Amino acid sequence: MFHKILIANRGEIAARVIDTCRRLGVATVAVYSDADASARHVAMADEAVHIGGPAPKDSYLMAEAIIAAAQATGAEAIHPGYGFLSENPDFVDAVAAAGLVFIGPSAKAIRAMGLKDAAKALMEKAGVPVVPGYHGANQDPEHLAGAAETVGYPVLIKAVAGGGGKGMRLVERPEEFAEKLESAQSEARTAFGNPAVLIEKYVQKPRHIEVQVFGDGTRAVHLYERDCSLQRRHQKVIEEAPAPGMTAEMRAAMGQAAVRAAEAIGYSGAGTVEFIVDASDGLRPDRFWFMEMNTRLQVEHPVTEAVTGIDLVEWQLRVASGEPLPATQDEIRLTGHAFEARLYAEDVPAGFLPATGTLSHLKFPEGARAETGVRPGDTISPWYDPMIAKIIVHGPTRAIALRQLSAALDATEVAGSVTNLAFLAALSRHEGFAAGDVDTGLIARDLDALTDVAPADMTVKALAALGAAGLADRGGALAGFTLWQPLRRTVPLEGVEAVVEVMAPDRARVSIAGETAECFLRGGQWWVDGHPSGARIVVTPGLVSIFGRGAHHFHLVDPLDREADAAGGGLTLSPMPGLVKAVFAKAGQRVKAGDRLAVLEAMKMEHTLTAARDGIVAEVLVAAGAQVEAGAALVRLEEEA
Ligand code: ADP
């Protein structure tokens, strides 16, 4: 076993790898960018090396800097995690050339699976079923149109160099073919510098079922399947193992095909063979086809770990350090059922826009596994994937595990950024999902219902008012109940006109818009109008959050605060963390409402910040090139004299 390894990644996967290293007594070296100097993975590692700027191309993609860091710290091997350099064969070659071990497959195996057309041809030869279609070299439009006719409509055009759904087009009728082909090719040329495409039969009612494999360079075993059919725009949302409705016959066929795929390329380490399954007539062994192989550890690997009891990172380290496969196929057992939900900082009602923010409060459920790269107080920056955590549950049956997932999501608390928590919770209660009737179109079909978040009701607003009045304390001793405070007061909640009358340390009446709620503190929780609220009140600076009845957040208004000035239009604040690209405002300048003051780059987009009202620029508080936090004051206006 290695004495010390370097982890060429960040966030939850870097933390995940470090966890196993600690258990195995392997010392760890983290690498980090400017944006991650105080990140969780850096704090967890035994050593950490700064490698560059916040943009991935200046740090986590800098192969040379990462290899130099490994050499300087005496690390013997590099774990690439997923994403970044994990599937880059040139990096694998460079690691070997530097005399270090790459914890993963050979560069040759990665190259073999790198292009979809070559991979399909290779798999076909190895006896792995591939989606019917054309994946040859002839890229003449006439020829491809003919191939589509032969395959039969509807067909899918896919970029051979594709990834992330780019260069992919569904064609339902022959008369659309030419136009869709052109747009797929041009997107592929822009995204991958390679316009070549392949044609595939479009599978009806598709399910995404993938098989975890593990190889030692010669032999491979499989660790059963995962179902990743719950997708939104080809991105996985909730994954599970095993696949619902899986039969012994189908499982054996898929497992064997996956092992053949891995052995055909002399695979070493953890990999995933992705299949597309036609589920229009249940799961049938003649209706699954190879899609692609991911030559790395997969985001959703924990569900496989839960049902097999195997630590895949431990296996990666053992096999990379020269040990044989730790178990034979017969020794790998499947027990119970597991789910993983991906918790993201994203604005669901705004179309799942990535979000950023400082996580003023963060609490994961007890009894579930939470894989995370952040701690309370950490920031989700605009530079990287906005994942907050993966929540994983394992139960004896699918129904029980799904209930555990719902409960775990209800018990998860995040304040300081919008999240997809309510969406995940709604999905965990979806009837079709509960019945195991999943396919890749499920989320899109029911998107409205899944994203329709119940607005705050009177109970939630009353609890928020109690929180704002300083009555959140569930311990019994009420922080807000002091004799010098007025017993009846208006609380400073944005958007809610609430009056709280404190009658006793454990009793209060809240009035909101003519309605009143009688509140009692009993057994550590507030009861509202005779019913236990089932909710938790969390107060962080400037914010009251109510959890347990969905998640609701209310801003606190401080009349002395800058925000009030901002509300009057006097201050322009940065709406999110980002980079100030340009500043147009100059002190003394007269501006009109709507005039451009600055441009902020955040989440890979440019946002123009404008004056909220007419006025004169009193102060410009930032310069172009500055990195700013959410809420940072950028420009102050004064009233026109
Ligand atoms: P990418 O590499 O761009 O992510 P994939 O080939 O992995 O593309 O396909 C992404 C998703 O598209 C799959 O998970 C599946 O939902 C859908 N898909 C792919 N191929 C087909 C097909 N032949 N028929 C129907 N859906 C497909």
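**The contact between domain 1 and domain 3, and the ligand site**

Student: Which residue meets arginine 16 in a salt bridge?

Tutor: In this predicted model, the side chain of arginine 16 is engaged in a salt bridge, with 2.8 Å from N to O. This lies inside the cut-off of 4 Å for such a pair. Side chains of opposite charge can pair when their charged atoms come close. The partner is aspartate 311.

Student: How many salt bridges are there between domain 1 and domain 3?

Tutor: The domain assignment places domain 1 at 4-103 and domain 3 at 206-450. Between these two domains there are also 14 residue pairs in polar contact, both residues at pLDDT 80 or more. The number of salt bridges between domain 1 and domain 3 is six.

Student: Which element gives the largest share of the side of domain 1 that touches domain 3?

Tutor: Two elements give two or more residues to that side of domain 1, namely α1 (11-24) and α2 (40-44). The largest share amounts to 11 residues, and its source is α1.

Student: How much area do domain 1 and domain 3 bury between them?

Tutor: The contact involves 34 residues of domain 1 and 27 residues of domain 3. Carbon and sulfur atoms account for 59% of the buried area, whose total is about 2,200 Å².

Student: Which residues of domain 1 lose the most area to domain 3?

Tutor: Three residues together make up 28% of what the domain 1 side buries. One of them, Arg16, takes part in the salt bridge with aspartate 311. The three are Glu12, Arg16 and Arg40.

Student: With which residue does glutamate 12 form a salt bridge?

Tutor: The closest N and O atoms of this pair are 3.0 Å apart. Glutamate 12 belongs to helix α1, whereas its partner sits in strand β22 (residues 387-395), 378 residues apart along the chain. That partner is lysine 390.

Student: How many residues surround the ligand?

Tutor: The closest residues are Lys116, Lys158, Gly165, Lys201 and Val203. The full set surrounding the ligand numbers 21 residues.

Student: How far is an N or O atom in the side chain of lysine 158 from an oxygen atom of the ligand?

Tutor: Other residues also place polar atoms by ligand oxygen: a backbone N or O atom of glycine 163 lies 3.4 Å from an oxygen atom of the ligand, and a polar side-chain atom of histidine 234 lies 3.3 Å from one. For the side chain of lysine 158, the distance is 2.9 Å.

Key
Residues are numbered from 1 along each chain as its sequence is written. This is a predicted model: local features need pLDDT of at least 70, side-chain atom pairs count only at pLDDT 80 or more; totals for chains, interfaces and linings use all residues. Side-chain values use heavy atoms; hydrogens and water are left out. Domain bounds come from an automatic or database domain assignment. Contact means heavy atoms within 4.5 Å. Buried area is the accessible area (1.4 Å probe) that two parts lose on being put together, summed over both. A polar contact is a pair of N or O atoms within 3.5 Å; within protein, one must be able to donate a hydrogen and the other to accept it, and residues adjacent in sequence count only if both atoms are side-chain atoms. Helices (H or I, at least four residues) and strands (E, at least two) are DSSP runs, numbered from the N terminus. A residue is near a molecule or strand if one of its heavy atoms lies within 4 Å of it.
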